[in-house]
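Okay, thanks for making time, everyone. I've got one structure to walk through today, so let me put it up on the screen.

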Amino acid sequence: MLKDITLGQYFPGTSPIHRLDPRTKIIFVLFYMVMIFVAKDILSFLLLGVFTLLLIFLSKVPFGHYFKGLKPVLFIMIITSLLNLFLSGGEVI
């Protein structure tokens, strides 16, 4: 069961992302997390999404590996999305 959880596990490689200093990667991850919480409009989220796809491409890790890593938290993501959908305020268009 624990072999199926790939979220956060190291994937060996020789890409530019793999060759970065670990401290640099930690700083970038913290900065990226702050940017996600600061983003307010759709353009910000689109830019963050494009940046994420660019990093996935640069890391040369198979795309399916990322989805396999999200499988254990899929239930939490669905519940959170449903709660946000039905319990957050909004305005009539």
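Let me start with a question: leaving aside its neighbours within four places in sequence, which residues is Lys25 in contact with? Have a look for a second. This is a predicted model, by the way, so keep that in mind as we go. Right, here's what comes out: Lys25 contacts Ile17, His18 and Leu20, once you set aside the neighbours within four places in sequence. Lys25 itself is in helix α2, and with a relative accessibility of 27% it falls in the partly exposed class.

Okay, let's zoom out. The protein has five helices and zero strands, so reading from the N terminus you just get α-α-α-α-α. There are 93 residues in the protein, and 10% of them are buried. Now, take the contacts with a separation of 6 or more: 51% of those involve residues 24 or more positions apart.

Next up, helix packing. When two helices pack, you describe them by the angle between their axes and the distance between the axes. Here the pair I want to show you is α2, residues 22–38, and α3, residues 42–59. Their axes sit 10 Å apart, at an angle of about 150°. With roughly antiparallel meaning over 145 degrees, that makes α2 roughly antiparallel to α3. The crossing of α2 past α3 is left-handed.

So who's meeting whom? On the α2 side you've got Tyr32, Met35 and Ile36, and on the α3 side they meet Phe45, Leu48, Phe51 and Thr52. If you sort the residues of that contact by type, you get six nonpolar, one polar and no charged.

Sticking with those two helices, let's talk rings. The count of aromatic pairs comes to one. It's Tyr32 with Phe51: the ring centres are 6.0 Å apart and the planes are at 35°, so we call the pair tilted. Tyr32 is in helix α2 and Phe51 is in helix α3, so this pair ties together parts that are 19 residues apart in sequence. And are these two buried or exposed? Somewhere in between, actually: Tyr32 is partly exposed at 22% relative accessibility, and Phe51 is also partly exposed, at 39%.

Moving along the chain, we come to the loop between α3 and α4, where α4 is 63–70. That loop holds Lys60. What's the backbone doing there? Well, most residues other than glycine have a negative phi. Lys60 isn't glycine, yet its phi is positive, near 60°. As for the solvent side of things, Lys60 is exposed, with a relative accessible area of 64%.

Last stop is Tyr66, over in helix α4. Its relative accessible area is 30%, which puts Tyr66 in the partly exposed class. Which residues does Tyr66 touch, not counting residues up to four places away in sequence? That would be Ile56, Ser59 and Val61. For the Ile56 one, the sequence gap to Tyr66 is 10 residues, and C-alpha to C-alpha the two are 8.7 Å apart in space.

So, if you take one picture away, make it α2 and α3 packed at about 150°, with Tyr32 and Phe51 forming the tilted pair. Okay, that's my tour. Happy to take questions.

Conventions. Residues are numbered from 1 along each chain as its sequence is written. This is a predicted model: local features need pLDDT of at least 70, side-chain atom pairs count only at pLDDT 80 or more; totals for chains, interfaces and linings use all residues. Side-chain values use heavy atoms; hydrogens and water are left out. Axes are lines fitted to C-alpha atoms, for helices over the stretch in contact, and angles run from 0 to 180 degrees between N-to-C directions. Helices (H or I, at least four residues) and strands (E, at least two) are DSSP runs, numbered from the N terminus. Angles under 35 degrees count as roughly parallel, over 145 as roughly antiparallel, 65 to 115 as roughly perpendicular and the rest as oblique. A crossing is left-handed if the near helix is turned anticlockwise from the far one by less than a right angle, and right-handed if clockwise. Contact means heavy atoms within 4.5 Å. Ala, Val, Leu, Ile, Met, Phe, Trp, Tyr, Cys and Pro count as nonpolar, Asp, Glu, Lys and Arg as charged, and the others, Gly among them, as polar. Rings of Phe, Tyr and Trp (its six-membered ring) pair if their centres lie within 6.5 Å; planes under 30 degrees apart count as stacked, over 60 as edge-to-face and the rest as tilted. Buried means under 20% relative accessible area, exposed over 50%, partly exposed in between (1.4 Å probe, protein chains only).
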